[in-house]
Amino acid sequence: MSLLRLPIDAFMYFFNVFGTVSRGRYWATLLVLITTCVVLYATDGLWVKVPYSVELIRAISSLILLVTYIPFTAKRLKDTGISGWWVFLLFVPFGQLIVSVLALMPTNQFKKTTEPV
């Protein structure tokens, strides 16, 4: 698993919530997404006046990163044996902490071998 391949994988499965993601791939992809967000918002204090086009690009890229993060988290939760619907805890206070703890759980060894396609 190379770090250059992780963002490509994240965007390749943009809206796909089927399947699972291993713990290592999930956390490595999350590291890439967080780094991308930090880079996007680190430029905020570099200029006195930022053009509106830069703000629009920053807002669109943040939305794309959020929409990419949700299916990846749902896949990780499904890999631990938890329903992917728990990903909606991200939108409540302290939900990110709960989802992070759930994503740290090991892979469910007793999951079904046949998953719906």
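How many aromatic pairs does a search of the whole structure find? The search finds three aromatic pairs, and they are taken up below, after an outline of the chain as a whole. The model discussed here is a predicted one, and every value that follows was computed from it.

## Overall architecture

The secondary structure of the chain comes to four helices and zero strands, so that reading along the sequence gives the pattern α-α-α-α. Of the 117 residues in the chain, 30% are buried. The chain exposes about 8000 Å², and carbon and sulfur atoms supply 74% of that area. When contacts between residues at least 6 apart in sequence are considered, 66% of them join residues at least 24 apart.

## The nonpolar core

In soluble globular proteins, nonpolar side chains tend to be buried together. In this model the largest nonpolar core has 15 residues, and the members that touch the most other members are Tyr26, Tyr69, Val87 and Leu90. Helix 2 (23-42), helix 3 (52-79) and helix 4 (95-103) each supply at least two residues of this core, and the largest share, five residues, comes from helix 3.

Val87 can be followed further: leaving aside residues up to four places away in sequence, Val87 touches Ile70, Thr73, Ala74 and Leu77.

## Helix 2

Helix 2 has 20 residues, which at 1.5 Å a residue should span 28 Å, and because its end C-alpha atoms are 28 Å apart, the model agrees with that expectation. The buried residues in helix 2 include Tyr26, Ala28, Thr29, Leu30, Val32 and Leu33. Arg25 also lies in helix 2, but Arg25 is partly exposed, with a relative accessible area of 27%.

## Aromatic rings

A pair of aromatic rings is described by the distance of the centres and the angle of the planes. Among the three pairs that the search finds is the one between Tyr26 and Trp27, whose ring centres are 5.1 Å apart and whose planes stand at 80°, so this pair is edge-to-face. Tyr26 has a relative accessibility of 2% and therefore counts as buried, whereas Trp27, at 28%, counts as partly exposed.

Another of the pairs joins Trp85 and Phe88, with ring centres 5.6 Å apart and planes at 25°, and because planes under 30 degrees apart count as stacked, this pair is stacked. Trp85 counts as exposed because its relative accessibility is 65%, while Phe88, at 46%, counts as partly exposed. Ring pairs link Trp85 and Phe88 with Phe91 into a cluster.

A charged residue also meets an aromatic ring in this model: Lys75 lies over the face of Phe72, at 5.7 Å from the ring centre.

## Loop residues and separations along the chain

Which residue has a positive phi although it is not a glycine? That residue is Phe94, with a phi of about 65°. Most residues other than glycine have a negative phi. Phe94 is placed in the loop between helix 3 and helix 4, and with a relative accessible area of 69%, Phe94 is exposed.

Gly19 lies in the loop between helix 1 (5-12) and helix 2, and at 23% relative accessibility Gly19 counts as partly exposed. Glu55 lies in helix 3 and likewise counts as partly exposed, at 34% relative accessibility.

Gly19, Arg25 and Glu55 each appear in the table below, which sets separation along the sequence beside the C-alpha to C-alpha distance in space.

| Residue pair | Separation in sequence | C-alpha to C-alpha distance |
|---|---|---|
| Gly19 and Arg76 | 57 residues | 8.9 Å |
| Arg25 and Arg76 | 51 residues | 9.2 Å |
| Glu55 and Leu40 | 15 residues | 9.9 Å |

Arg76 occurs in two of these rows, once with Gly19, at 8.9 Å, and once with Arg25, at 9.2 Å.

How values were computed:
Residues are numbered from 1 along each chain as its sequence is written. This is a predicted model: local features need pLDDT of at least 70, side-chain atom pairs count only at pLDDT 80 or more; totals for chains, interfaces and linings use all residues. Side-chain values use heavy atoms; hydrogens and water are left out. Buried means under 20% relative accessible area, exposed over 50%, partly exposed in between (1.4 Å probe, protein chains only). Contact means heavy atoms within 4.5 Å. Accessible areas come from the Shrake-Rupley method with a 1.4 Å probe; for residues, only the protein chains shown count as cover. A nonpolar core is a set of buried Ala, Val, Leu, Ile, Met, Phe, Trp, Tyr and Cys residues joined through side-chain atoms within 4.5 Å. The expected span of a helix is 1.5 Å times one less than its number of residues. Rings of Phe, Tyr and Trp (its six-membered ring) pair if their centres lie within 6.5 Å; planes under 30 degrees apart count as stacked, over 60 as edge-to-face and the rest as tilted. A charge sits over a ring if NZ of Lys or CZ of Arg is within 6 Å of the ring centre and within 35 degrees of the ring normal.
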